[in-house]
Amino acid sequence: MTFNSMTAAEVSKKVINKTDLFILDVRNENDFTDWKIEGENFIFRNVPYFNLLDGVEEIIDQIPTNKEILVVCAKEGSSVMVAEMLSEAGLDVSYLKGGMKAWSEHLEPVKIGDLTDGGEIYQFVRLGKGCLSYMVISNGEAAVIDSTRMIDAYIDFADRIGVKIIHVLDTHLHADHISGGRRIAERTNATYWLPPKDATEVTFEYQPLASGKVLTIGHTAIDIHSLYSPGHTIGSTSFVVDGKYLLSGDILFIDSIGRPDLAGLAEDWVGDLRETLYSRYRELSDELIVLPSHFMIIAELNEDGSVAKKLGTLFVENHGLNIEDEAEFRELVTGNLPPQPNAYQEIRETNLGKIEPDVEKQREMEIGPNRCAVR
Amino acid sequence: MNSDKVLDAKGLACPMPIVKTKKAMNDLQTGQVLEIHVTDKGAKADLAAWSKSGGHELVETTVENDILKFWIRKG
């Protein structure tokens with residue numbers, strides 16, 4: 001039988017279309033337990049490649065014959081070896097091209113909706129890591145928000161649809177992934193905007209995003225209103241785009257809320273987080289569509305692969321917005337926090353411009369899930 | 001640390017460091033120590049897990065100028 005490669009983009013389509021897939025993950029047990037490809041109709045088996053060096057006889061019976069089979073490892077090499085053995089044993093299999101490294105870096109652009117006078121907003125879904133970034137487009141101009149370090153994805157996309165990136169914004173100083181904001185701004189001559197309270201230690205030039213600041217793109221005016229919304233970080237800022245969309249950064253997610261401990265002491269910021277979620281956001285229209293900067297679980301994806309829900313719906317359904325008792329809220333966001341994202345201190349320093357690791361090192365720092373939320 | 005055999009697997013990508021380690025181990029007697037040099041960082045966790053599952057003992061690990069060194073006692 002043959003064996004083929006499957007790209008991260010093809011796997012993304014299977015996640016979004018909820019296709020059946022059997023994944024044989026041949027990384028070591030710890031890496032698999034920590035972080036894997038998620039899909040509603042994916043089934044998994046984890047057998048480290050180093051236990052298969054003598055052959056696949058022992059596992060061949062455990063591999064379904066009625067499903068598509070994908071072999072996955074960290075960087076590709078071991079999955080090619082195992083896929084080859086399985087194919088020699090008579091199975092039709094694929095391996096994941098570029099491994100989990102490629103999976104972590106793949107961005108899937110999904111159109112969220114139309115804006116005033118022909119404008120559009122796109123969400124770039126990084127399925128492998130649960131990061132979400134945005135491009136707002138109007139009359140030939142674009143703004144990019146919370147970009148990942150895979151900056152070509154945004155620049156190529158803008159080129160393809162014929163728009164010029166003029167503003168690049170980050171809702172806050174990220175601790176789970178390396179921002180591509182500064183490099184996109186450099187490449188496209190755009191202005192890079194950061195919340196000043198998160199940027200006190202940055203080593204490069206930026207424009208401060210004060211609360212109430214309004215940025216305009218396109219001559220028919222798509223406004224991006226900044227709204228100071230601290231809690232995840234002290235500077236965290238949300239954006240209301242075209243009066244329709246609330247880009248909530250890492251403050252509010254679909255089925256969880258931001259954690260306050262990644263840039264300081266949870267105890268210090270828990271009050272800010274509560275005020276943002278229970279006062280500042282309550283004053284906004286229920287009709288706003290919330291567009292967060294992360295998702296935690298694949299169930300948060302809509303049918304079309306997007307991650308978006310009305311603010312009014314989240315006030316009803318999101319547990320983190322429905323804790324009357326302040327002490328109980330405090331306990332939820334400070335008491336039982338999940339482990340911090342991989343290398344989060346180094347990631348923060350990179351985003352401040354204090355260190356400049358090479359691409360290989362950046363990849364390694366970003367391995368694993370984002371872990372910016374509490375539920 | 002003393003070793004009975006040294007395996008140079010520098011510059012090799014996964015899965016080769018482990019493939020070669022396994023082969024080299026076959027030539028050793030129980031209790032003898034294999035020293036392995038690699039540059040693939042992924043090898044660290046994998047060699048530890050492989051040693052454990054194969055009943056070998058990972059005695060020591062060092063990192064020097066991007067070269068990882070492992071000493072594994074055959075079980």
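## Two interfaces of chain A

Let's begin inside chain A: between domain 1 of chain A and domain 2 of chain A, the count is one salt bridge. The model you are looking at is a predicted one. That salt bridge joins A:K13 to A:E108, and their closest N and O atoms are 2.3 Å apart.

Which elements give two or more residues to the side of domain 1 that touches domain 2? They are α1 (8–16) and α5 (99–105) of chain A. Of these, α1(A) gives the most, with four residues. Sorted by class, the residues on this side of domain 1 are four nonpolar, one polar and six charged. The interface between the two domains also has two residue pairs in polar contact.

Now take a step back to the domains themselves. Domain 1 of chain A covers 3–103, while domain 2 covers 107–374. The C-alpha centres of the two domains lie 32 Å apart. Where they meet, 11 residues of domain 1 are in contact with 13 residues of domain 2. In domain 1, the residues that lose the most area to domain 2 are A:I16, A:W35 and A:K101, which together make up 44% of what that side buries.

Chain A has a second interface to explore, this time with chain B. Here 11 residues from chain A and 12 residues from chain B take part in the contact. On the chain A side, A:Y49, A:F50 and A:L53 lose the most area to chain B, together 47% of what that side buries.

How many salt bridges are counted between chain A and chain B? The count is three. A:D54 forms a salt bridge with B:K22, with 3.1 Å between the closest N and O atoms. Five residue pairs are in polar contact across this interface. Helix α4 (residues 77–88) of chain A gives the most to the side that touches chain B, with three residues. By class, that side of chain A has four nonpolar, four polar and three charged residues.

The size of an interface is often given as the accessible area lost when the parts come together. Here are those values for both interfaces:

| Interface | Area buried | Share from carbon and sulfur atoms |
|---|---|---|
| Domain 1 of chain A and domain 2 of chain A | about 1200 Å² | 60% of the area |
| Chain A and chain B | about 990 Å² | 61% of the area |

To find these places in the structure, start from A:K13 and A:E108 for the salt bridge between the domains, then turn to A:D54 and B:K22 for a salt bridge between the chains.

Terms used
Residues numbered from 1 in each chain as written. Chains lettered and ligands numbered in written order. Predicted model: local features only at pLDDT ≥ 70, side-chain atom pairs only at ≥ 80, totals over all residues. Heavy atoms only, no water. Domains from an automatic or database assignment. Contact = heavy atoms within 4.5 Å. Buried area = accessible area lost by both parts, 1.4 Å probe. Salt bridge = Lys/Arg side-chain N within 4 Å of Asp/Glu carboxyl O. Polar contact = N/O pair within 3.5 Å; in protein donor to acceptor, adjacent residues only side chain to side chain. Nonpolar A, V, L, I, M, F, W, Y, C, P; charged D, E, K, R; others polar.
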